[in-house]
Number of protein chains: 2
Amino acid sequence: MILVDGLAGESISARDRGFAYGDGVFRTFKVMRGKPVLWQRQYAKLAHDCHALGIDCPPAQTLERDLAQIDTPDCIIKIVITRGDSARGYAMPSAVAVRRVVIAGAWPAHAADNNSKGIAARVCRLRYSSQPALAGIKHLNRLENVLARAEWNDADIAEGLMCDANANVIGGTMSNVFIEKQGALQTPDLRACGVSGVMRELVIELAKAHAVPVVVTAISLDQLLAADAVFVVNSVIGLWPVIQLDRMKWPQSKITMQMQQWIDDAQDA
Amino acid sequence: MILVDGLAGESISARDRGFAYGDGVFRTFKVMRGKPVLWQRQYAKLAHDCHALGIDCPPAQTLERDLAQIDTPDCIIKIVITRGDSARGYAMPSAVAVRRVVIAGAWPAHAADNNSKGIAARVCRLRYSSQPALAGIKHLNRLENVLARAEWNDADIAEGLMCDANANVIGGTMSNVFIEKQGALQTPDLRACGVSGVMRELVIELAKAHAVPVVVTAISLDQLLAADAVFVVNSVIGLWPVIQLDRMKWPQSKITMQMQQWIDDAQDA
């Protein structure tokens, strides 16, 4: 089911600036038993990202009315907000009519035991470019992620890690990454590239709440390979332990399993 | 008038990957008296850019049939090619149905005497990011251009120049740039960022054909400011001399005016 500006439909205007330039933002998250999971956080991120691009984010109530129309109690929701239609040309239209698209989809085909057994991942060749003006924002310019994800076809590889030009790890193609070292967590600094997800933010807060040290910092690929444990997170998959990265292997970690439980508790709250 | 996969319409699928990720490419050019200007070159660039992203470009004949349906003999055409629809997720769909969208619009409102009198331009604050995997390609991830173009509202400023992180000039928000120095032309190297336009390619060829030295090289902003003349080009505007850049002013240049004539001749051919 798709809602375009609140109305059921399958299409958007061919003059939409999301289509023309990727001029918009999005979020993807779970709905469980009719309830959008961590909705306040998702909306806050959406509003933040809209603001960063100078797009007027629709009010939360407007999106909540859309979500209430979705006819499947358990699904994955993607909300896309674009600057709306305009004539040809990069200049922003003076009369803006922001567009909102809500797409409900099935739960992903990811093997359910990725959460418990962990996944194999790879390191992508494609390097994220550095763009402080867009870093952290979940905008619609995602060709880097598309090209990185196209590097492999092996169904046994569940995620690819992306580095910047300096071989610092930034995140997965669709996830944020954490490493564990001597009982503390680290996650990459996203001030120059990458996407800052709701689940990343939640994990940082949960670590602090449970007195697990956590720092946001540059993490080189070598540092990641020397970590005691690695995991990736996003709002759809939750937390997947990375138990293999190319030829490197890790055992399951106690902190990782605890974090999974804390996430489950927070999502049920 | 808009044609989506050859059929008149105003909308595209909300599942199009151009909308979701900017997963596609485009070109914009003039149609004069029913004839797409420099069409062979436009198609070659379109095919090249599709290939770079692993998208099967529709055959030239298919697009020519679309163009023949356009009901205005003088217009601006934008052709967008996307990877087509897919379910959620960055992974490319296995059964691809590439989408083509042909949008006909009115001639731009740019003052017609920009070509003869020249324009005032500015230097944008936003810096292009460096991404060799996408550099030169006219893809749909154009937020950098949108943000750069949003930096000014003054109608007297016709274009903004964009630099990379090293303060090398890359191009205008919607154009390629050339400088003239001691009778020779230079244009920025686009191996790390920027868009390689048909008009840029034509200007390089025309310079060579008329024994005007031309080099593709890194051009710092300081070098540009020290140039004897500066001009910007694209397939819609043709060639605009830059006679003012912030506080710097240049007189009209003989080579620039000659190049304009050579472009006109090539477009009529």
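Two residues are said to be in contact if their C-beta atoms, placed from the backbone, lie within 7 Å. With that in mind, this briefing looks at a predicted model, taking up the relation between chains A and B, a pair of helices in chain B, and the two domains of chain A.

**How the two chains are related**
- A turn of 180°, with a shift of 0.0 Å along the axis, lays chain A on chain B with an RMSD of 0.0 Å, and the two copies are thus related as by a two-fold rotation axis.
- Because 98% of the interface residues of chain A are also interface residues in chain B, the copies meet through the same surface.

**A helix pair in chain B**
- Helix α2 (residues 39-53) of chain B and helix α6 (residues 198-209) of chain B have axes that come within 10 Å and cross at roughly 120°, and the two helices are therefore oblique to each other.
- The crossing of α2(B) and α6(B) is right-handed.
- In this contact, B:R41, B:Q42 and B:K45 from α2(B) meet B:V198, B:E201 and B:L202 from α6(B), and the residues divide into two nonpolar, one polar and three charged.

**The two domains of chain A**
- Chain A is divided into domain 1, covering 2-105, and domain 2, covering 114-268, and the C-alpha centres of these domains lie 25 Å apart.
- Their contact takes 18 residues from domain 1 of chain A and eleven residues from domain 2 of chain A.
- On the side of domain 1 of chain A that touches domain 2 of chain A, the elements that give two or more residues are β4 (24-32) and α2 (39-53) of chain A, and β4(A) gives the most, with seven residues.
- By class, that side of domain 1 of chain A has eight nonpolar, five polar and five charged residues.

Technical notes: Residues numbered from 1 in each chain as written. Chains lettered and ligands numbered in written order. Predicted model: local features only at pLDDT ≥ 70, side-chain atom pairs only at ≥ 80, totals over all residues. Least-squares fit on C-alpha atoms with pLDDT ≥ 70 in both. Axes fitted to C-alpha atoms, helices over the stretch in contact; angles between N-to-C directions. Helix = DSSP H or I, 4+ residues; strand = E, 2+ residues; numbered from the N terminus. Parallel < 35°, antiparallel > 145°, perpendicular 65-115°, else oblique. Left-handed = near helix turned anticlockwise from the far one by under 90°. Nonpolar A, V, L, I, M, F, W, Y, C, P; charged D, E, K, R; others polar. Domains from an automatic or database assignment.
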